[in-house]
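Visitor: I would like a close look at one part of this model, starting from the charged surface and going on to the aromatic rings. Please take it residue by residue.

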Amino acid sequence: MMDKKRLSGSKMAMAVICALALWWPQAAAAHCDAMDGPVLVEARQALDNGKVTPVLKWVMPEYEKEVRRVFDQTLQVRKLGDEARELADRYFFETLVRVHREGEGASYTGIKPAGQIDPPIAKADLALEEGSVDELAEAVSAHVAQAMRERFDRALKLRQRADESVDAGREYVDAYVEYVHFVEVIVGAVHGDHAH
């Protein structure tokens, strides 16, 4: 039963992460490794203007030398024609994203096509561009509150008959654990107890 509860807690943590994705339909997870994500948008700008410095903020200091070297190589190869330019750009993008992800402790799984950034993440980026997070914060708050109420209501309802039988008690405990773990994960996320 304990292993099942731990598994339930893991599932709950994942459910909360999904809950924080607001009410939008889920798309394939991609952001820093997406062609329209902030890393590669700035990488294209850097290649167009020949200045690598703006993209260096996306990598840890130990990777800066590699990114500078690949950037310089890319600028040279781009001069050889359209096909060479495309290939060189792709090599720079892949290098930049790979070392960015390594700096986060995440694995590199390739460059994702544009149009696959989860809408909540796109909204978070848009809030930064617009200079206000109010609308996003209100939407997330409302969604989390609704999800918490649903778990609370279920646990409260099942609590009223928890002592009728062992099965009824276990059903209540499952609902209780789901509710409490939901709250724990939300509080952990608010206080920064989560990975990127």
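Guide: Glu130 has a relative accessibility of 59%, so this residue counts as exposed, the cut-off for that class being over 50%. The model is a predicted one, and the values here are computed from it. Glu130 sits in helix α5. Glu130 also belongs to a negative surface patch, together with Glu129, Asp134, Glu135 and Glu138. Two elements each give two or more residues to this patch: α5, which spans 119–130, and α6, which spans 134–159. The largest share comes from α6, with 3 residues. Because patch members must have over 30% relative accessible area and no salt bridge, none of the five acidic side chains listed for the patch, Glu130 included, is in a salt bridge.

Now to the rings. The structure holds 4 aromatic pairs. In one of them, Phe71 and Phe92 have ring centres 5.3 Å apart and ring planes at 65°, so the pair is edge-to-face; planes over 60 degrees apart fall in that class. This pair joins distant parts of the chain, as Phe71 is in helix α3 (residues 64–78) and Phe92 in helix α4 (residues 82–104), with their positions 21 residues apart in the numbering. Both Phe71 and Phe92 are buried.

Phe92 takes part in another pair, with Phe93. Here the ring centres are 6.4 Å apart and the planes stand at 50°, so the pair of Phe92 and Phe93 is tilted. The 6.4 Å separation falls within the 6.5 Å limit for pairing. Through ring pairs, Phe71, Phe92 and Phe93 are linked into a cluster. Phe92 has a relative accessible area of 1% and is therefore buried. Phe93 is buried as well, because its relative accessible area is 5%; the class takes in values under 20%.

Helix α4 also holds Arg101. Arg101 has a relative accessibility of 18%, so this charged residue counts as buried, again by the cut-off of under 20%. In sequence, Arg101 and Trp58 are 43 residues apart, while in space their C-alpha atoms are 9.2 Å apart.

Taken together, the part runs from an exposed Glu130 in a negative patch to a cluster of Phe71, Phe92 and Phe93, and on to a buried Arg101 in helix α4.

Notes: Residues are numbered from 1 along each chain as its sequence is written. This is a predicted model: local features need pLDDT of at least 70, side-chain atom pairs count only at pLDDT 80 or more; totals for chains, interfaces and linings use all residues. Side-chain values use heavy atoms; hydrogens and water are left out. Patches are made of residues with over 30% relative accessible area and no salt bridge: like charges are joined within 9 Å, nonpolar side chains (Val, Leu, Ile, Met, Phe, Trp, Tyr) within 5 Å. Accessible areas come from the Shrake-Rupley method with a 1.4 Å probe; for residues, only the protein chains shown count as cover. A salt bridge is a side-chain nitrogen of Lys or Arg within 4 Å of a carboxyl oxygen of Asp or Glu. Lys and Arg count as positive and Asp and Glu as negative; His and the chain ends are not counted. The place of a charge is taken as NZ of Lys, CZ of Arg, CG of Asp or CD of Glu. Helices (H or I, at least four residues) and strands (E, at least two) are DSSP runs, numbered from the N terminus. Buried means under 20% relative accessible area, exposed over 50%, partly exposed in between (1.4 Å probe, protein chains only). Rings of Phe, Tyr and Trp (its six-membered ring) pair if their centres lie within 6.5 Å; planes under 30 degrees apart count as stacked, over 60 as edge-to-face and the rest as tilted.
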